[in-house]
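Trainee: Please take me closely through one part of this model, from its layout to what adjoins it.

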Amino acid sequence: TVRAWLALPEGASAQNPAPLLLWIHGGPLGSWNDWSWRWNPWIMAQNGYAVLLPDPCLSTGYGLEAIRRGWANWGPSTYADLMAITDAALELPELDATRTAVMGGSFGGYMANWIAGHTDRFKAIVTHASLWNLEQFIGTTDAAVYFQREFGPPGGRRYQDLSPHLSLERISTPMLVVHGDKDYRVPIGEALRLWWDLRRSEVDSKFLYFPDENHWVLKPGNIVVWYETVLAFLDQHVLGREWKRPESLS
């Protein structure tokens, strides 16, 4: 059983189904059972999107078995939970299964990258402060000891089995890469490598870079840029609107 919350925009119905955003929380030991202005689904709902907020394996609040199921198996186990609950949600008549996107930050960004390399069912993917090349990441993060406890020493089999960058050739979904230069938990090198890999693979992509932010975007002006850029990217690829550069970027 996978638990989730669903934020619906006003007026969503079988006659007027809303596009769906699948949001994947960070951690990975975390949950959507709290409120944050950093990733606030009601802003997206105000702009016409429904937001699905699932707690897949590795989420807290469901006992040790939920964590054990995804421990050192981030990609496959979590992916299965996320796709299953997305399928279940899209059975609701007020959601439009033809207009969907994925968003995630930190571990959620890792999963967004994993999803990009394992399905083309979504119209767009937003990946924030994400892990891309696990062996590169483990040698640069400020929490290397923590992650090595889960994945083992560099060069081990888990890095080969679970690194999203090894599925680059299967990525075709447009992606928005977001990262802060002062991020020490997931250093900027992950985004730079991801961005370069997407560009050389000719994947439709954009890069939103914050030189003065860390693992999260915290400054009020930058937050406005974040939401406006994400919405412009989603509007382009999910709603089919013409790309319009947000004024806050100028």
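Mentor: The account that follows concerns the sheet. The model is predicted, so local features require pLDDT of at least 70 and side-chain atom pairs pLDDT 80 or more, while totals for chains, interfaces and linings use all residues. Residues are numbered from 1 along each chain as its sequence is written, and side-chain values use heavy atoms, without hydrogens or water.

Seven strands (DSSP E runs of at least two residues, numbered from the N terminus) form an open sheet of mixed pairing, in the order S1-S3-S2-S4-S5-S6-S7. Because S1 (3-7) and S7 (205-210) stand at the edges with a single partner strand each, one side of each has no neighbour in the sheet. From one strand to the next, the twist averages 20° (between lines fitted to C-alpha atoms, N-to-C, on a scale of 0 to 180 degrees).

At the S1 edge, pairing (at least two DSSP bridges) with S3 (residues 50-55) is antiparallel and runs over five bridges. Here Ala7 is opposite Val51 of S3. Helix H8 (residues 189-200; helices are H or I runs of at least four residues) packs on the sheet, in contact (heavy atoms within 4.5 Å) with S5 (124-128), S6 (175-180) and S7, and its direction makes about 160° with that of S7.

S1 also contributes to the lining of the largest pocket: S1 and helix H1 (41-46) are the elements that give two or more residues to this lining. The lining comprises 21 residues (each with an atom within 4 Å of a pocket grid point; a pocket is an open set on a 1 Å grid over the protein atoms alone, where a 1.4 Å probe fits, with protein on both sides within 12 Å along at least five of seven lines), and His25, Ser31, Trp32, Asp34 and Ser36 lie nearest the centre.
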